[in-house]
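Me: I would like to learn how to read a protein model with some care. Could we go through it one feature at a time?

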Amino acid sequence: MIVKLSVAYNKLPSALFTSGVTECDKDPRFGGGFGDIYQASLAGNKVALKRIRVFSGDEGYHHVWRVRCFIHPNRASPLKFNAQQFCREALIWQALQHPCILPFIGLDCDTFPGFLTLVSPWMENNTVLKYLKANGKASVDKLLFEIAQGLQYLHSKNLVHGDLRGVNILITDEGSACLADFGLSYFSETTTTTSSARAGCIQWMAPELIDPSKFGKRFLRTPATDVYAFGCVCLELYTGMPPFGRLPGSAAIFQVPDGKRPERPTGDATMSEALWGLVGDCWAQQSAERPQSEAVVERMELLNTAKV
């Protein structure tokens, strides 16, 4: 309801805004499909600024995002950005508090005149993929346990992450995993979708997302599609590659809806029987047959306890 009100009245709650951001990079450190990440400083601490990328029809992007104007509660001048996308991510993210969720600091409207940015702590250890590459895979099962906990927390709030994959999982200074990037997140009971609903990376998509008609469904991200993505993340963290990583990205379109799945990794990337069994369950063809995130957490906890 808050999201709908913010979009309808072109305003965001004043409590979301922060000030005092300084020393922002001139160029982004990282970029993705929805925004660019800059490093800056706030109260003496490093922070990350996520600036949502704006597209318009004359740039060759049609039916992608509509550029609208939002008004800062305390400013007369409008701020241009992708209204629904930005508003949804900010309002969802600010309500989340969990050790396995990247903290939300606030919104900044001063660093880039005319644009808002999402402010969060800077994670020096970067993404889970880069962390494992630099530090080895001894902690991979522990990290997967933490990822599962973050996912279960979202689902307990009736939220779907919608884009769970390695690049959206960061590592804290203490070496723990936390979920980030809630640009495709929404409340799981919603019956509406946005213009960006089908965005995301197909290698992590469940079969019913790739070919909804084959399953008699419409395109809708659910907790079950998140659980499918978790199975993909398990494979990704062990191998350093996405599912079907040696094939063109479009290959998943023909593989997954027909029930085909990646083979069990071998060599240094070999998973335990328990973890590979969990991955297989997460990859069940029918969404109703996949375990719920609570069960995933329980099985990951048992798997980690057995290794101690």
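Me: Which residue follows α4, and what is the sign of its phi?

Reply: α4 is followed by N158, whose phi is positive, near 60 degrees. Helices (H or I, at least four residues) and strands (E, at least two) are DSSP runs, numbered from the N terminus. Please keep in mind that this is a predicted model, in which local features need pLDDT of at least 70 and side-chain atom pairs count only at pLDDT 80 or more, while totals for chains, interfaces and linings use all residues. Residues are numbered from 1 along each chain as its sequence is written, and side-chain values use heavy atoms, with hydrogens and water left out.

Me: What is the mean pLDDT of the protein, and where does pLDDT stay under 50?

Reply: pLDDT is the predictor's confidence in each residue, from 0 to 100. Here the mean is 84, and 82% of the residues reach 70 or more. It stays under 50 over residues 55-71 and over residues 191-196. Where pLDDT is low, the predicted coordinates should not be read in detail.

Me: How many of the residues of α4 are buried, and what span should this helix have?

Reply: Buried means under 20% relative accessible area, exposed over 50%, and partly exposed in between (1.4 Å probe, protein chains only). In α4, 13 of the 17 residues are buried, so the helix is mostly covered. The expected span of a helix is 1.5 Å times one less than its number of residues; for α4 (residues 140-156) this gives 24 Å, which agrees with its end C-alpha atoms, 24 Å apart.

Me: How is a pair of aromatic rings described?

Reply: A pair of aromatic rings is described by the distance of the centres and the angle of the planes. Rings of Phe, Tyr and Trp (its six-membered ring) pair if their centres lie within 6.5 Å; planes under 30 degrees apart count as stacked, over 60 as edge-to-face and the rest as tilted. By this rule there are 6 aromatic pairs. The ring centres of Y38 and F112 are 4.8 Å apart with planes at 55 degrees, so this pair is tilted. Because Y38 lies in strand β3 and F112 in the loop between β7 and β8, the pair ties together parts that are 74 residues apart in sequence. Both Y38 and F112 are buried. W276 and W283 form an edge-to-face pair, with 5.9 Å between centres and 90 degrees between planes, and both of these residues are buried.

Definitions and conventions: Contact means heavy atoms within 4.5 Å.
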